[in-house]
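This report covers helix packing, burial and a few backbone details of one chain. The sequence and the structure come first.

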Amino acid sequence: YEIYQCDWSSDVCSSDLVQWALVPDPKSDIHVMLNLDRAQAMPAGEQRARAVLEQADKIFHNIDDKVGMGDVAMALGMIETALGNQRPAEAAFRWARDYFAQGGAPEKELDALVRVAAAEIVQGYNIAAGDHLREADTLSRGRALAEARVAIAWGDLERLQGRVADAAERYGAAAPVLVAAAVADGPAALLRLGEVRAFLGADYEALRALLSARDAASAQGDA
């Protein structure tokens with residue numbers, strides 16, 4: 001049983017999900033089919049995105065797919081983040097972290113944990129964020145890309161607490177790793193680095209970081 005990826009624009013997606021749940025294997029990969037990474041963009045609007053996630057969550061619960069449940073929770077958290085709803089975003093990321101842990105998906109678990117900390121930072125829960133980032137340090141140890149992503153969150157926390165030089169050090173260490181991996185976090189890390197270096201009065205270094213952020217974003221097609 002094969003269907004196209006959900007286009008997030010009609011009822012076809014949700015009706016196909018119902019049919020998918022009823023048929024035996026082999027059938028299309030539900031994780032790929034749902035295209036959940038598009039949820040944050042809400043291409044057909046918030047209501048449609050939430051409706052598809054609700055349907056997907058039911059299916060993943062019915063088949064006891066913990067990683068799928070985590071993917072849905074992550075997508076929901078990203079929607080809440082995009083809408084500026086930090087508390088429900090944090091709650092969704094916490095659910096995602098738990099599901100990924102149960103499903104044996106350590107990379108996704110770490111990503112969810114860092115997003116929990118990021119939501120806490122925005123809300124000013126510095127102690128809780130620090131506790132979660134120390135936990136993330138342990139989970140990411142020995143994996144350069146994961147360590148760099150955790151370092152960015154640490155930089156955000158240092159910056160919020162007024163330790164701007166420490167934030168610059170965190171961003172400066174993480175940015176090259178993220179840019180080399182060509183991930184979206186790379187240009188964002190360079191942008192943060194440029195901002196804090198400008199605050200510290202290091203104008204030349206700030207300009208270099210900002211220009212590098214522009215170039216990295218352009219290379220990724222985001223300019």
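Helices α10 and α11 cross with a left-handed sense. The model is predicted. Helix α10 covers residues 185-199 and helix α11 covers residues 203-219; their axes lie 8 Å apart and the packing angle is about 165°. An angle over 145 degrees counts as roughly antiparallel, so α10 is roughly antiparallel to α11.

From α10, the contact takes P187, L190, L191, L193, G194, E195, R197 and A198. From α11, it takes D203, E205, A206, A209, L210, S212, A213, A216 and A217. By class, this contact holds 11 nonpolar, two polar and four charged residues.

A second helix pair, α4 and α5, also has a left-handed crossing. Helix α4 spans residues 66-82, and its axis comes within 8 Å of that of α5, at a crossing angle of roughly 165°. That makes α4 roughly antiparallel to α5. On the α4 side, the contact is made by K66, V67, M69, G70, D71, A73, M74, L76, G77, M78, E80 and T81. On the α5 side, the residues are Q86, P88, A89, A92, F93, W95, A96, Y99, F100, Q102 and G103. These residues divide into 14 nonpolar, six polar and three charged.

The two contacts can be set side by side.

| Helix pair | Nonpolar | Polar | Charged |
|---|---|---|---|
| α10 with α11 | 11 residues | two residues | four residues |
| α4 with α5 | 14 residues | six residues | three residues |

**Overall make-up**

The chain has 11 helices and zero strands. Read from the N terminus, every element is therefore an α in the order α-α-α-α-α-α-α-α-α-α-α. Of the 223 residues in the chain, 42% are buried. Take the contacts in the chain with a separation of 6 or more: 57% of them join residues 24 or more positions apart.

**Helices α10 and α8**

Helix α10 has 15 residues. Its first and last C-alpha atoms are 21 Å apart, close to the 21 Å expected at 1.5 Å a residue. The buried residues of α10 are G186, P187, A189, L190, L193, G194 and V196. Their cover includes α8, α9 and α11. Of these buried residues, P187, L190, L193 and G194 also belong to the contact with α11. After α10 comes G201, with a positive phi near 85°.

Helix α8 covers residues 144-160. How does its span agree with 1.5 Å a residue? The 17 residues of α8 should span 24 Å, and the end C-alpha atoms are 24 Å apart, which agrees. Buried in α8 are A146, A148, V150, A151, I152, A153, W154, G155, D156, L157 and E158. That list includes the charged residues D156 and E158. Among the elements covering the buried residues of α8 are α6 (106-123), α7 (126-140), α9 and α10. Just after α8, G162 takes a positive phi of about 90°.

**Two residues of α5**

Helix α5 runs over residues 86-103 and contains Q86. Is Q86 buried or exposed? Its relative accessible area is 16%, and under 20% means buried, so Q86 is buried. Setting aside neighbours within four places in sequence, Q86 is in contact with T81, A119, V122 and Q123.

E90 lies in α5 as well. At 10% relative accessibility, E90 counts as buried. Beyond neighbours within four places in sequence, E90 is in contact with V116, A119, E120, Q123 and Y125. A119 and Q123 appear in the contacts of Q86 and in those of E90.

**Residue E46**

E46 sits in helix α3, residues 46-62. With a relative accessible area of 35%, E46 is partly exposed. E46 and L83 are 37 residues apart along the chain, yet their C-alpha atoms are separated by 9.4 Å.

**A positive phi outside glycine**

Most residues other than glycine have a negative phi. A182 has a positive one, near 55°. Where does A182 lie? A182 lies in the loop between α9 and α10. A182 is exposed, with a relative accessible area of 54%.

Technical notes
Residues are numbered from 1 along each chain as its sequence is written. This is a predicted model: local features need pLDDT of at least 70, side-chain atom pairs count only at pLDDT 80 or more; totals for chains, interfaces and linings use all residues. Side-chain values use heavy atoms; hydrogens and water are left out. Axes are lines fitted to C-alpha atoms, for helices over the stretch in contact, and angles run from 0 to 180 degrees between N-to-C directions. Helices (H or I, at least four residues) and strands (E, at least two) are DSSP runs, numbered from the N terminus. Angles under 35 degrees count as roughly parallel, over 145 as roughly antiparallel, 65 to 115 as roughly perpendicular and the rest as oblique. A crossing is left-handed if the near helix is turned anticlockwise from the far one by less than a right angle, and right-handed if clockwise. Contact means heavy atoms within 4.5 Å. The expected span of a helix is 1.5 Å times one less than its number of residues. Buried means under 20% relative accessible area, exposed over 50%, partly exposed in between (1.4 Å probe, protein chains only).
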